[in-house]
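Q: I'd like to learn how to read a protein model feature by feature. Can you walk me through this one?

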Amino acid sequence: MKSYVCNFSYISSVCDMVIVAFGFFILACLSESFKFVRQYIRRWFRRSSHEYKRVPEIDAEDKLHFDDTKVDIMNVTVCTTEHFVLTLLYLVHVLISYTLMMVFMICNAWLCGAVIMGHVLGNWVFATLD
């Protein structure tokens, strides 16, 4: 009995099923890890790109004066290294997610279970690191 995973691959034995299920389990764990990596890189870039500027305050007599308070002002531009890296990581995450969705749509209970358990384990591991 042959079970096709995609056009070029099929499962013909229990050993093949275990290998394919383990591969999709690892892929689902990686999917969860990409969420963590993107959040970590976003925080790292933001920590290094803060600018501090004085902001004027208006008192009761409508006179402007400056005090020593500082407010975080973020520069938001599209053409930065941060945005490029995060976009590439997002692209990889979307590709992995759609691949796992297609595997789930095969409706093989063992592959569906491997995808679910991979997401659960990945979420458990990477949610504790956050």
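Q: Let's begin with the overall layout. How many helices and strands make up the secondary structure of the protein?
A: One thing up front: this is a predicted model. Its secondary structure comes to 3 helices and 6 strands. Follow the sequence from the start and the pattern reads β-β-α-β-β-β-β-α-α.

Q: What share of the 130 residues is buried?
A: Buried means under 20% relative accessible area. By that cut-off, 23% of the 130 residues in the protein are buried. As for the outside, the protein exposes about 9800 Å², and carbon and sulfur atoms supply 67% of that area.

Q: What percentage of the contacts with a separation of 6 or more joins residues 24 or more positions apart?
A: Here you take the contacts with a separation of 6 or more and look for partners that sit far along the chain from each other. Residues 24 or more positions apart account for 58% of those contacts in the protein.

Q: Give me a concrete pair. What separates the C-alpha atoms of Ile41 and Leu86?
A: Ile41 lies in helix α1. Its C-alpha atom is 7.6 Å from that of Leu86, although the two residues are 45 residues apart along the chain. Leaving aside residues up to four places away in sequence, Ile41 touches Val85, Leu86 and Leu89.
A second pair to look at is Thr81 and Phe45, 36 residues apart along the chain, with their C-alpha atoms separated by 9.2 Å. Thr81 belongs to helix α2.

Q: Is Ile41 buried or exposed? And is Thr81 buried or exposed?
A: Ile41 counts as buried, because its relative accessibility is 18% and the cut-off for buried is under 20%. Thr81 is exposed, with a relative accessible area of 55%.

Q: Which residues does Ser31 touch, not counting residues up to four places away in sequence?
A: Ser31 is found in helix α1, and its contacts on that count are His93, Ile96, Ser97, Leu100 and His119. Ser31 is buried, at a relative accessible area of 1%.

Q: His93 is on that list. Which residues does His93 touch?
A: Turn the view around and start from His93, which lies in helix α2. With residues up to four places away in sequence left out, His93 touches Ser31, Phe34, Lys35 and Arg38. His93 also counts as buried, at 11% relative accessibility.

Q: How do I read a salt bridge, and how many are there?
A: Look for a side-chain nitrogen of Lys or Arg within 4 Å of a carboxyl oxygen of Asp or Glu. By this rule the count here is 1 salt bridge. The side chains that meet are those of Lys35 and Glu32, at 3.4 Å from N to O.

Q: Where do Lys35 and Glu32 sit relative to each other in helix α1?
A: They are 3 residues apart in helix α1 (residues 14–48), so about one helical turn separates Lys35 and Glu32. Check their surroundings too: Lys35 counts as partly exposed at 35% relative accessibility, while Glu32 is buried, with a relative accessible area of 10%.

Q: How do I describe two helices that meet? At what angle do the axes of α2 and α3 cross?
A: Start with the axes, then go to the residues. The axes of α2 and helix α3 (residues 109–129) come within 8 Å and cross at roughly 145 degrees. On the α2 side, the residues are Leu100, Val103 and Phe104; they meet Leu111, Cys112, Val115, Ile116 and His119 in α3. Sorted by class, this contact has 7 nonpolar, 1 polar and no charged residues.

Q: What is notable about the phi of Cys107?
A: Most residues other than glycine have a negative phi. The phi of Cys107 is near 65 degrees, a positive value in a residue other than glycine. Cys107 lies in the loop between α2 and α3 and is exposed, with a relative accessible area of 66%.

Q: Last feature: which residues make the nonpolar surface patch?
A: Think of a patch as nonpolar side chains grouped at the surface. Phe84, Leu88, Leu91 and Leu95 make one of about 400 Å². Phe84 sits in helix α2 (residues 81–104) and is exposed, with a relative accessible area of 53%.

Methods:
Residues numbered from 1 in each chain as written. Predicted model: local features only at pLDDT ≥ 70, side-chain atom pairs only at ≥ 80, totals over all residues. Heavy atoms only, no water. Patch = residues over 30% accessible without salt bridge, like charges linked within 9 Å, V, L, I, M, F, W, Y side chains within 5 Å. Areas by Shrake-Rupley, 256 points an atom, 1.4 Å probe, with all protein chains shown as cover. Helix = DSSP H or I, 4+ residues; strand = E, 2+ residues; numbered from the N terminus. Buried < 20%, exposed > 50% of the residue type's maximum accessible area, 1.4 Å probe, protein only. Axes fitted to C-alpha atoms, helices over the stretch in contact; angles between N-to-C directions. Contact = heavy atoms within 4.5 Å. Nonpolar A, V, L, I, M, F, W, Y, C, P; charged D, E, K, R; others polar.
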